[in-house]
Amino acid sequence: MRPPIDMNRRFIFLTNILILACSCAYGQYRKSLHDTIFMQGDTLIIPELIFDLSYPMRPETHDSLDLVIDFLARNPNMIVEIALHTDSRGDMAMNLKMSQYHAKHVCNYLYSKLLSDSTRVTCKGYGEAQMLTKEKEIARTITKEEKEHIYRQNRRTELIVKEVK
């Protein structure tokens with residue numbers, strides 16, 4: 001089950017082969033990330049960022065963040081925000097705190113690699129405030145697998161283009 005798509009936002013899925021799949025008002029398509037002109041407000045979904053409650057980042061998360069570093073190197077005219085989101089399970093205040101904690105560690109990793117210009121990246125944890133699929137819609141799902149799939153979609157890390165100079 002796919003979450004409803006906000007047709008006012010362009011979601012782009014960043015992958016290790018630099019191919020994007022875009023869901024936007026123009027429909028869905030795939031093309032090379034290198035051929036894409038990015039606009040303010042574009043949102044890239046960063047895959048495979050996995051966090052544990054007690055550990056800031058798993059080592060395998062670095063591969064996905066290295067994609068972000070490569071993306072930023074190819075787009076030096078961009079200012080971006082890394083936005084971390086949780087699902088709605090658990091306490092709302094704790095989810096917010098957890099997403100902010102992980103956002104701090106993501107930014108620290110990116111800053112360590114982008115020593116020349118860390119002002120291009122900010123990181124923010126939103127907790128469950130901006131879920132792609134709301135609880136009411138999740139409650140309509142039938143199987144446990146469907147619910148878990150939706151929760152995984154809500155637990156995401158986005159790169160949001162804030163400005164293109």
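Visitor: Is D87 buried or exposed, and how do I read that?
Guide: Burial is judged from relative accessible area: under 20% is buried, over 50% exposed, and partly exposed lies in between (1.4 Å probe, protein chains only). D87 is buried, because its relative accessible area is 6%. Bear in mind that this is a predicted model, in which local features need pLDDT of at least 70 and side-chain atom pairs count only at pLDDT 80 or more, while totals for chains, interfaces and linings use all residues. Residues are numbered from 1 along each chain as its sequence is written, and side-chain values use heavy atoms, with hydrogens and water left out.

Visitor: Which side chain does D87 meet in a salt bridge?
Guide: Side chains of opposite charge can pair when their charged atoms come close. The term here asks for a side-chain nitrogen of Lys or Arg within 4 Å of a carboxyl oxygen of Asp or Glu. D87 meets R155 in such a bridge, with 2.6 Å from N to O. The two belong to distant parts of the chain, 68 residues apart: D87 sits in the loop between β5 and α2 (92–113), and R155 in the loop between α4 (144–154) and β7. Unlike buried D87, R155 counts as partly exposed, because its relative accessibility is 35%.

Visitor: Which other residue forms a salt bridge with R155?
Guide: Look at E148, whose closest N and O atoms to R155 are 3.1 Å apart. E148 is partly exposed, at 26% relative accessibility. Through shared partners, salt bridges join D87, R89, E148 and R155 into one network.

Visitor: How many salt bridges does the structure hold?
Guide: There are seven. One of them pairs the side chains of E81 and K162, at 3.9 Å from N to O. This pair also links distant parts of the chain, since E81 lies in strand β5 (residues 78–85) and K162 in strand β7 (residues 157–164), 81 residues apart. E81 is buried at 8% relative accessibility, whereas K162 is partly exposed at 41%.

Visitor: You keep naming strands and helices. How many of each does the chain have?
Guide: These elements are DSSP runs, numbered from the N terminus: helices are H or I with at least four residues, strands are E with at least two. The chain has four helices and seven strands. Starting at the N terminus, their order is β-β-β-β-α-β-α-β-α-α-β.

Visitor: At what angle do α1 and α2 pack?
Guide: Two packed helices are described by the angle between their axes and the distance between the axes. The axes are lines fitted to C-alpha atoms, for helices over the stretch in contact, and the angles run from 0 to 180 degrees between N-to-C directions. Helix α1 (residues 61–74) packs against α2 at about 55 degrees, and their axes are 10 Å apart. That makes the two helices oblique to each other; the scale is under 35 degrees for roughly parallel, over 145 for roughly antiparallel, 65 to 115 for roughly perpendicular, and oblique for the rest.

Visitor: Which residues of α1 and α2 meet?
Guide: Contact means heavy atoms within 4.5 Å. From α1 come H62, L65, D66, V68 and I69, and from α2 come V106, Y109, L110 and K113.

Visitor: Which residues does N154 touch?
Guide: Setting aside residues up to four places away in sequence, N154 touches H85, T86, D87, M131, L132, T133 and I138. So D87 turns up again, as one of these neighbours. N154 itself is in helix α4, and it is buried with a relative accessible area of 0%.

Visitor: Where is T122, and what is it in contact with?
Guide: T122 has its place in strand β6 (residues 121–127). Without its neighbours within four places in sequence, T122 is in contact with V80, E81, I82, C107 and Y111. From C-alpha to C-alpha, T122 and Y111 are 9.7 Å apart in space and 11 residues apart in sequence. T122 is partly exposed, at a relative accessible area of 39%.

Visitor: What part of the whole chain is buried?
Guide: Of its 165 residues, 41% count as buried. For the contacts with a separation of 6 or more, residues 24 or more positions apart account for 67%. As a last stop, try P47 in the loop between β4 (43–46) and α1: its C-alpha atom is 7.4 Å from that of T157, 110 residues apart along the chain.
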